[in-house]
Amino acid sequence: MSGPLFPRWTNTVSRLSAAMLLAVPAIAIGGLLAYVRSPLVTNQAHPVEQPIEFDHRHHAGDEQIDCRYCHWTVEKSPSAGIPSTTVCMSCHAQVWNKSPYLTEVRKAFFADQPIPWVRVHNLPDYVYFNHSIHVGKGVGCATCHGRVDQMGAIEQAAPLTMSWCLDCHRDPKPSLRPAEFITSMTWAPPADKAEAAALADKLYKEYDVHSRTSCSTCHR
């Protein structure tokens, strides 16, 4: 009788080849899914250089200036508002009014021209987001923007992905805080879990919050 057509070791090769044919696409898809969720794509943790050095650590941290002083439309408009040079000069006409760091601010003010700030948090055009409804329902600035009082240059703290938004829309209670602490950078819920849950339930009812997961909520 003749021997086997192929040696036994080819069985191992065939099994490894079959495993590779299944594993390579799975690894590739998994890698792609991980990549699109990484800071390289979501733009997280990348400080954005601005045309003028504005240090939030000093303004929001040291001086405790309320977010709404500069972003004055955040409670009544979809946009939080970009501070005009008039807002800047309302302080800096008296404070550091001769500082070379503010030369471009003074130039823009007297030329009646806006400062060309570079946008940091930029959602796609097909996504609708309203700042006023979130702030009005008890979602604090730091929930989405992070600790801006600790940022020399503003960077995107949250991924701002669809899944990240939906996590909150499905269960908004952990993101709610009392209205008087909306702009606080240091507020935290009670350490006791029972107290934190009770506060979240209270705010959920008080603000009349509802889970919003329909497509038309964000895509209009």
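Contact here means heavy atoms within 4.5 Å. By that criterion, the buried residues of helix α6 pack against α5 (85-92) in this predicted model.

**Helix α6 and its surroundings**

Helix α6 spans residues 103-110, and its buried residues are Val 105, Arg 106 and Ala 108. These residues lie on the same side of α6, because they cover an arc of only 165 degrees around the axis. Lys 107 and Phe 110, on the other side of α6, are exposed. Two of the buried residues, Val 105 and Ala 108, also belong to a nonpolar core of seven residues that includes Ile 52 and Cys 88. This core is separate from the largest one.

After α6 comes Asp 112, which has a positive phi of about 55 degrees although it is not a glycine. Asp 112 is found in the loop between α6 and α7 (131-136), and its relative accessibility of 68% makes it exposed. Ala 45 is another non-glycine residue with a positive phi, here about 60 degrees. Its place is the loop between α2 (39-42) and α3 (56-62), and at 49% relative accessibility Ala 45 is partly exposed.

**The largest nonpolar core**

The largest nonpolar core has nine residues in all: Val 48, Cys 67, Val 120, Cys 141, Ala 142, Val 148, Met 151, Ile 154 and Met 185. With neighbours within four places in sequence left aside, Cys 67 is in contact with Cys 141, Thr 183 and Met 185.

**Cysteines**

The structure holds zero disulfides. A disulfide would require two cysteine sulfur atoms within 2.5 Å. The sulfur closest to that of Cys 91 belongs to Cys 70 and is 7.6 Å away, too far for a bond. For Cys 168 the closest cysteine sulfur is that of Cys 144, at 7.0 Å, which is again too far. Cys 91 is partly exposed, with a relative accessible area of 32%, and Cys 168 is likewise partly exposed, at 23%.

**Salt bridges**

The count of salt bridges comes to eight. Three of them are listed below with the separation of their N and O atoms.

| Acidic residue | Basic residue | N to O distance |
|---|---|---|
| Glu 104 | Lys 107 | 3.6 Å |
| Asp 201 | Lys 173 | 2.8 Å |
| Glu 206 | Lys 202 | 2.9 Å |

Glu 104 and Lys 107 are three residues apart in helix α6, so about one helical turn separates them. Glu 104 is partly exposed, with a relative accessible area of 42%, whereas Lys 107 is exposed at 52%. Glu 206 and Lys 202 are four residues apart in helix α10, which again amounts to about one helical turn. Lys 202 is partly exposed, with a relative accessible area of 48%.

The salt bridge between Asp 201 and Lys 173 links distant parts of the chain, 28 residues apart. Asp 201 lies in helix α10 (residues 193-206), and Lys 173 lies in the loop between α9 (162-170) and α10. Asp 201 is partly exposed, at 32% relative accessible area, as is Lys 173, at 28%. Elsewhere, Asp 66, Arg 68 and Glu 75 are linked in a network of salt bridges.

**Annotated transmembrane region**

An unreviewed UniProt entry places the feature "transmembrane region" at residues 16-36. In the model, the chain over residues 16-36 is 100% helix and 0% strand, and its end C-alpha atoms are 30 Å apart.

Technical notes. Residues are numbered from 1 along each chain as its sequence is written. This is a predicted model: local features need pLDDT of at least 70, side-chain atom pairs count only at pLDDT 80 or more; totals for chains, interfaces and linings use all residues. Side-chain values use heavy atoms; hydrogens and water are left out. UniProt positions are given in the numbering used here, feature names are shortened, and annotations may be inferred rather than shown by experiment. Buried means under 20% relative accessible area, exposed over 50%, partly exposed in between (1.4 Å probe, protein chains only). The arc is that of the directions from the helix axis to the C-beta atoms. A nonpolar core is a set of buried Ala, Val, Leu, Ile, Met, Phe, Trp, Tyr and Cys residues joined through side-chain atoms within 4.5 Å. A salt bridge is a side-chain nitrogen of Lys or Arg within 4 Å of a carboxyl oxygen of Asp or Glu.
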